Amino acid sequence: MTGAPEGESVTLDLLKKKMTEFAKERDWEQFHSPRNLLLALVGEVGELSEIFQWKGEVPKGLPDWKEEEKVHLGEELSDVLLYLVQLSDICGIDLGKAALRKVELNAVKYAVSKKKSQTSITCTDNNVTGSC
């Protein structure tokens, strides 16, 4: 059960529509202030963090994980995404456009060096050396 027609990609607009309908059917809109949605999002990020808490470094693709662990991870990632979509919607932010703008800003801020062999960069915003 995906909620999207077979072969179609899922868009932020589709998720926004589905979540709006979901909340409206349950009369939950009254509770969906920016603050409440943000706090719910933070709670879900905490649940997502718990999955990785004691695993140490995990390789891409999660080759050593059981299928049920991957399913659980997908559920928690989805919770985070859905609250983020709702929060951006209630705040009147086009999340897709904002994300693309941020990628463009980061491309300027962290311009590709002619020395691509550099192993670390300095994050000037946080005064931290390492990956940003």
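Buried means under 20% relative accessible area, exposed over 50%, and partly exposed in between (1.4 Å probe, protein chains only). The model here is predicted, so local features need pLDDT of at least 70, side-chain atom pairs count only at pLDDT 80 or more, and totals for chains, interfaces and linings use all residues. Residues are numbered from 1 along each chain as its sequence is written, and side-chain values use heavy atoms, with hydrogens and water left out.

**Exercise 1. The chain as a whole**

Work out what percentage of the protein chain is buried, and which pattern of helices and strands the chain follows.

Solution. Start with burial: of the 132 residues in the protein chain, 16% are buried. Next, go through the secondary structure, where helices (H or I, at least four residues) and strands (E, at least two) are DSSP runs numbered from the N terminus. The protein chain has 4 helices and 2 strands, and along the sequence they read α-α-α-α-β-β. Last, take the contacts, meaning heavy atoms within 4.5 Å. Of those in the protein chain between residues at least 6 apart in sequence, 51% join residues at least 24 apart.

**Exercise 2. Two helices that pack**

Describe how H1 packs on H3, and list the residues that make the contact.

Solution. Two packed helices are described by the angle between their axes and the distance between the axes. The axes are lines fitted to C-alpha atoms, for helices over the stretch in contact, and angles run from 0 to 180 degrees between N-to-C directions. Helix H1 (residues 12-25) meets helix H3 (residues 67-90) at about 85 degrees, and the axes are 9 Å apart. Now classify the angle: under 35 degrees is roughly parallel, over 145 roughly antiparallel, 65 to 115 roughly perpendicular, and the rest oblique. H1 and H3 are therefore roughly perpendicular to each other. On the H1 side, the contact uses Leu 12, Leu 15, Lys 16, Met 19 and Thr 20, while H3 brings Leu 81, Leu 82, Val 85, Gln 86 and Asp 89.

**Exercise 3. Aromatic pairs**

Find the aromatic pairs and say for each whether the rings are stacked, tilted or edge-to-face.

Solution. First, the rule: rings of Phe, Tyr and Trp (its six-membered ring) pair if their centres lie within 6.5 Å, and planes under 30 degrees apart count as stacked, over 60 as edge-to-face and the rest as tilted. The whole structure gives 2 such pairs. Phe 22 and Trp 28 have ring centres 5.6 Å apart and planes at 75 degrees, so this pair is edge-to-face. Phe 22 is partly exposed at 33% relative accessibility, and Trp 28 is partly exposed too, at 38%. For Phe 52 and Trp 65, the centres are 5.3 Å apart and the planes sit at 45 degrees, so that pair is tilted. Phe 52 lies in helix H2 (residues 34-52) and Trp 65 in the loop between H2 and H3, so the pair ties together parts 13 residues apart in sequence. Phe 52 is partly exposed at 32%, whereas Trp 65 is buried at 11%.

**Exercise 4. Around Leu 87**

Is Leu 87 buried or exposed, and which residues does Leu 87 touch?

Solution. Locate the residue first: Leu 87 is in helix H3. At 15% relative accessibility, Leu 87 counts as buried. Leaving out residues up to four places away in sequence, Leu 87 touches Pro 34, Leu 37, Leu 38 and Leu 41. Finally, the C-alpha atoms of Leu 87 and His 32 are separated by 8.3 Å, with the two positions 55 residues apart along the chain counted as their separation.
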